[in-house]
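Look at the sequence and the model together before reading on. The points below are grouped by topic.

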Amino acid sequence: MFIIKHKKIFIMISVALVALACLSFLVFGVRVGIDFKGGALTEVVYLDARPTQESLEPALAALDFGSILLQPTGEQGYIVKSKDLNESEHTLLLKTLSGDARNKLEERSFNSIGPSVGRELTRKAILAIILVSLAIIGFIALAFRGVSKPVSSWKYGLIAIVTLLHDVAIPVGLFVALSHFYGAELDTLFVVAVLTILGLSVSDTIVIFDRIRENLKEQTHVAKINFSETVGKSLEQSFVRSISTSLTVILVLLALFFFGPVSTKYFALMLTAGMFFGTYSSIFLASPLLVWIEERQKKSGK
């Protein structure tokens with residue numbers, strides 16, 4: 001199959017994309033939202049016409065409160081994320097949002113999140129990602145425990161880990177770039193997106209690995225198995241299904257990105273990138289890596 005024949009090219013493409021994602025993280029860094037660093041969350045609703053975001057942002061920037069994130073919510077409201085505010089700063093923020101009383105507004109909520117809450121949330125987010133990753137690895141090890149030749153079952157799990165890192169690293173690199181150029185902030189939705197990508201991206205890989213396992217079982221009577229041909233055949237049997245399934249999810253996510261609320265746009269974009277590169281890795285990275293490992297084993301005589 002074309003993919004297996006040119007496996008080195010596709011593996012290098014993946015390496016280059018992950019390197020770019022890491023470079024993006026090192027160069028730009030990431031803006032952490034108040035969910036993790038602490039701050040104030042203010043929600044207001046306008047009783048008359050809501051002023052445009054473009055007209056409010058310069059006035060909010062002039063307050064000298066540091067980084068302020070303004071997000072539309074519903075048809076008449078805004079959510080304002082800022083540093084922790086005292087009473088006078090809170091009053092000044094509401095006055096600025098009302099445009100010196102030209103726009104009548106109602107404050108729906110004002111919440112302060114302390115740094116200790118942010119640290120606890122950070123700890124739980126990291127723990128959740130680690131536990132989900134370990135659960136996925138354990139499932140793969142259990143599902144492929146009967147596979148031993150010509151590639152050991154633990155190597156399927158190792159490749160699954162590599163593809164998971166690939167599938168998460170690239171969307172995170174994209175988010176870091178958005179954080180630098182458009183002010184996106186890392187919040188709890190970001191963590192949800194990463195956990196969702198971990199679950200969705202590995203599913204395609206497991207489907208193709210399972211097809212490889214079934215085809216290998218059918219060849220138990222063959223004295224010498226041509227592993228690259230078996231993997232190529234398995235890809236031909238599976239890739240249309242994988243692409244079709246992922247495409248339907250991507251179309252829904254794109255609809256959410258273009259027509260959904262502003263607060264979920266970056267979430268939808270991250271999931272879209274995760275689904276796209278997750279499908280890419282299951283077809284163009286995981287399977288070629290299996291063949292590459294098998295060829296390396298042959299050369300080393302193992």
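What follows is a short briefing on a sheet, its helices, the nonpolar cores and one glycine.

The structure is a predicted model. Its strands form an open sheet of four, paired in the antiparallel sense. Its largest nonpolar core has 50 residues, and a second, separate core has 15.

**The sheet**

- The strands of the open sheet come in the order S2-S3-S1-S4.
- S2 and S4 stand at the edges with a single partner strand each, so one side of each has no neighbour in the sheet.
- From one strand to the next, the twist averages 15°.
- Eight bridges join S1 and S4, which pair in the antiparallel sense.
- Gly39 has Ile113, in S4, as its bridge partner.

**Helix H4 and the sheet**

- Helix H4 lies across three strands, S1, S2 and S3.
- The direction of H4 is at about 150° to that of S2.

**Helix H5**

- H5 covers residues 87–98, which makes twelve residues.
- At 1.5 Å a residue the expected span of H5 is 16 Å, and this agrees with the 17 Å between its end C-alpha atoms. The expected span is 1.5 Å times one less than the number of residues.
- The buried residues of H5 are Glu89, His90, Leu93, Leu94, Thr96, Leu97 and Ser98.
- An α-helix has 3.6 residues a turn, so residues three or four places apart point the same way.
- The buried residues of H5 pack against strands S1 (39–46), S2 (69–73), S3 (77–82) and S4 (105–113), and also against helix H4 (53–61).
- After H5 comes Gly99, with a positive phi near 65°.

**The nonpolar cores**

- Within the largest nonpolar core, the residues with the most contacts are Tyr156, Phe190, Phe209, Ile212, Phe227, Met270 and Leu290.
- At least two residues of this core come from each of the helices H1 (2–5), H2 (7–28), H6 (115–143), H7 (153–182), H8, H9 (227–259) and H10 (265–300).
- The second core is separate, and among its 15 residues are Val44, Leu56, Leu63 and Leu70.

**Gly199 in helix H8**

- Gly199 has its place in helix H8, which runs over residues 188–218.
- Is Gly199 buried, partly exposed or exposed? Its relative accessible area is 38%, so Gly199 is partly exposed; the partly exposed range lies between the buried limit of under 20% and the exposed limit of over 50%.
- Leu164 is 35 residues from Gly199 along the chain, and the C-alpha atoms of the two are separated by 9.1 Å.

Definitions and conventions: Residues are numbered from 1 along each chain as its sequence is written. This is a predicted model: local features need pLDDT of at least 70, side-chain atom pairs count only at pLDDT 80 or more; totals for chains, interfaces and linings use all residues. Side-chain values use heavy atoms; hydrogens and water are left out. Buried means under 20% relative accessible area, exposed over 50%, partly exposed in between (1.4 Å probe, protein chains only). Contact means heavy atoms within 4.5 Å. A nonpolar core is a set of buried Ala, Val, Leu, Ile, Met, Phe, Trp, Tyr and Cys residues joined through side-chain atoms within 4.5 Å. Two strands pair if DSSP finds at least two bridges between them. Axes are lines fitted to C-alpha atoms, for helices over the stretch in contact, and angles run from 0 to 180 degrees between N-to-C directions.
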